[in-house]
Amino acid sequence: MGSGIAAHCANAGIPVVLLDIVPPKLSDSERGSKIARDGFASGALAKTLKAKPAAFMHARNAILVSTGNFDDDLARVADCDLVIEAVIERLDIKQALFAKLEKLAPTAIIASNTSGLRIADLLVGRTEQFKKRFVVTHFFNPPRYMKLLELVAGPDTTDEVKATCETFGKEILGKGIVWAKDTPNFIGNRIGLQSMMTTIHLMLERGLAPEDVDAITGIPMAHPKSATFRTADVVGLDTVGHVAANCYASLTSDEDRDTFKSPAFITKMIEKGILGDKTKGGFYKKVGNDIQTLDPLTGEYRAKAGNPEIASATKALGKIADPRERVKKLVATPGPAGEFAWTVLSRSLAYAARRIPEITESIEAIDNGMKWGYGWDLGPFETWDALGVADTVARMKKDGVALPAWIDKVTHFYDNNDQVFDPTRGEMRPRSLDPREITFAKLYKGTAPVLVNRGAECWDVGDGVLALTFKTEQNSLDEHVIKMIHIAVDRAERDFRALIIWNHGDNFCVGANLFAVMGAAMQKQWDQLREMIRDYQYGTQRLKYSTIPVVAAPYAGTMGGGLELCMGSDAVQAAAETYSGLVEVGVGLIPGGAGTMNMLWRGLEGVPEGVDADVYSYVTQTFKNIALAKVAFSAEEGKAFGYFRATDGVSFDRARHLHETKQRAIGLANAGYHPPIPRAYKLPGESGIATLLMMVNTLVAGGYASAHDAKIAMKLANVLCGGPSGNTHAVTEDEILELEREAFLSLCGESMSQARMQYFLQNKKPLRN
């Protein structure tokens, strides 16, 4: 955790000192070596650089992390504003470290990443001054990806320290802050483990299999796809067992204490080292090409089976987009799936209600904790609202489920007027909302879009900004979306001062609708296809040279045409977790929406006039990025690859992404925006094509690429080099676009054989060579 926290602080641009103990078994010569003495910390940093999923948003961010050891370097904390302790969960070791920190860091905020130890115990022997600047900062693992940061103040923690920690977590690190009380495992793990352990015990009672349970407790229950047992495998059974054991040991007066006691089969798994993904096997294990399930009764792996009735019922529920409707229908489903879901939910929802005011007085804190820390679509009380409070309370009482007295005052936990039920007052109160965390539905003006067609809509989102948003599956680009791009720019230039491209769903844009492209190619509708490609090329050009600023807001999957859309925009405000690339070679094509040109042009635009730059090196790197379908796994990496500009914005918190996108557009408009001037560049031409051909032939000869790959690569090389005559004159954008268009069309006709296209249409993935 310590190295993960350090990595994420570095992602946010914060210099970090990472310290660990001196390795205990050093030789006499190693004891005199600083490198050896720093071995644990430097080893942790090296391991973090190789972590999957990546802890650093780009490996270069590690430059902000320096390493050392407690014996030689602890005095360096004197120069730090915040010290986060993340050592082993042993009270004596933490107390000893805090005693040293009190002397060495007299003004720094001291934080502990503990998840199970009480603040009162941690601070035994510390001065009043130390207690005033102490706080618990409980990050969820992995810190880069998990939004939840639980903060716990001691009785003496000052308001200034609390405000500073909240601001640092929220504004700098992009975390969702939940203030918890000083109780075992705080909010997220207390509620989350109770739900998980309730599920596991009930599985044994009902005689279901792990795959049955995961089919119920994943998407249908508005929880992550990993559900219960797959989540445990990812987290690690040793970690789950440790947290559960800590709850059982410390929660002596909890009415559900026995729920936290691990079943015997899990204890045996931990003893045998069957810990999940980290040991290549947990509740599930990959054997060859098959996934096998551990049978809780025998302790042996077997082929996945499961109850067909449960599988059928949950598969249908998984297709419902609205999580509220989905979970409501799950509970109402007759048979084992609905009955199991109701029992788990009724027990876990009631448990969450009974924990108020013990762990928090806030319903929102519990809901946010579960959404941000466990990836639930709905928190417990949002789920309760979805099921209907009156009906569920009546059913719970009928089933003998214990409920707190205040529940009888609730008609709903949230309303449409931004109010939430306050259990301590027994009434609704206004929610404390950050105005920057606004949803698209609350931002746009009016009840109807300004523009609409089958593929996209445009909405007035206020302050003179028009928002273009797609309606296609996975926000893919089809003829209707492309048409709307042209219309949207025309309307924005006439009646607005800026345009933003803002999408909903799992991905920003997965690129062109290849079914439409391949369908046209199979029917040899070349004129229609050429016109479609040209329309998109000049759609991105229309964005690029519009008289009003255009800002794209990519997030998650931003592939192919989706990235080309960003490259045509004046600026990008990307979510930190944006995964981007021009990946068309995967289906035997090259980028066809001006992406080939714009990626190269972006590299060349930074070369100062008069510098005799080696254009071929820019062409080569662009060629590699496209030919290898190189994907950037963060917005920061996207900048490093040249997919986004260094000046583009990055939103660490998706909840503020829309606000920050709109503000960037307004800022450009207010700053006296003028569109860029078209550029032309002299390119390598025939000699560059020949050099790239040698590179490709070497790969083919070595077995790293096929003849088919080589065909695609040389089409790409011809475009990037400006054709054979690209070195004889400054190649214009129109010339490059024509080369790109003809290459795309020829690959549709030559490379995309009917067999390859049929395979793609049937399997929704390309046929690999």
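**Exercise 1. The start of helix α16**

Which residue caps the N-terminal end of α16?

*Solution.* Before we start, a word on the ground rules: this is a predicted model, in which local features need pLDDT of at least 70 and side-chain atom pairs count only at pLDDT 80 or more, while totals for chains, interfaces and linings use all residues. Residues are numbered from 1 along each chain as its sequence is written, and side-chain values use heavy atoms, leaving out hydrogens and water.

Step 1. Find the helix: α16 covers residues 323-332. Helices here are DSSP runs (H or I, at least four residues), strands are runs of E with at least two residues, and both are numbered from the N terminus.

Step 2. Look for the cap. Asp322 does the job, with a side-chain oxygen 3.0 Å from the backbone nitrogen of Arg324. A polar contact is a pair of N or O atoms within 3.5 Å; within protein, one must be able to donate a hydrogen and the other to accept it, and residues adjacent in sequence count only if both atoms are side-chain atoms.

**Exercise 2. Arg326 in its surroundings**

Decide whether Arg326 is buried or exposed, and list what it touches.

*Solution.* Step 1. Arg326 has 6% relative accessibility, so it counts as buried. The cut-offs are under 20% relative accessible area for buried, over 50% for exposed, and partly exposed in between (1.4 Å probe, protein chains only).

Step 2. Check for a polar partner: a polar atom of the Arg326 side chain lies 2.8 Å from the backbone oxygen of Ile219.

Step 3. Collect the contacts, meaning heavy atoms within 4.5 Å. Setting aside neighbours within four places in sequence, Arg326 touches Ile219, Pro220, Ala222, Leu317, Ile320, Ala321 and Asp377.

Step 4. Widen the view to the helix. Pro323, Arg326, Val327, Leu330 and Val331 are the buried residues of α16. They cover an arc of only 125° around the axis and therefore sit on the same side of α16; the arc is that of the directions from the helix axis to the C-beta atoms. The buried residues pack against α11 (210-217), α15 (308-317), α17 (336-354), α19 (380-387) and α20 (389-399).

**Exercise 3. Helix α6 by ruler and compass**

Test the length of α6, then work out where its buried residues fall.

*Solution.* Step 1. Helix α6 (residues 91-104) has 14 residues, and at 1.5 Å a residue it should span 20 Å. The expected span is 1.5 Å times one less than the number of residues. The end C-alpha atoms of α6 are 20 Å apart, which agrees.

Step 2. List the buried residues of α6: Lys94, Leu97, Phe98, Leu101 and Glu102. Seen down the axis, they fall within an arc of 145°, so they line one face of the helix.

Step 3. Name the packing partners of these buried residues: β3 (82-85), β4 (109-112), α7 (119-122), α8 (128-132) and β5 (134-139). Phe98 also forms one aromatic cluster with Phe130 and Phe134.

**Exercise 4. Aromatic pairs**

How many aromatic pairs does the structure hold? Classify two of them.

*Solution.* Step 1. The structure holds 17 aromatic pairs. Rings of Phe, Tyr and Trp (its six-membered ring) pair if their centres lie within 6.5 Å; planes under 30 degrees apart are stacked, over 60 edge-to-face, and the rest tilted.

Step 2. The centres of Phe229 and Phe283 are 4.6 Å apart with planes at 70°, so this pair is edge-to-face. The partners are 54 residues apart: Phe229 in helix α12 (residues 229-235), Phe283 in the loop between α14 (264-271) and β8 (284-287). Phe229 is buried at 1% relative accessibility, and Phe283 is buried at 1% as well.

Step 3. Tyr579 and Phe633 make a tilted pair, 6.3 Å centre to centre and 45° between the planes. Tyr579 lies in strand β20 (residues 578-581), and Phe633 in the loop between α27 (615-627) and α28 (635-641). Tyr579 counts as partly exposed at 24% relative accessibility.

**Exercise 5. Backbone details in loops**

Which prolines follow a cis peptide bond?

*Solution.* Step 1. The bond from Lys52 to Pro53 is cis, with omega near 0°; Pro53 is in the loop between α4 (39-49) and β2 (65-69).

Step 2. The bond from Ile356 to Pro357 is also cis, with omega near 10°; Pro357 is in the loop between α17 and α18 (363-374).
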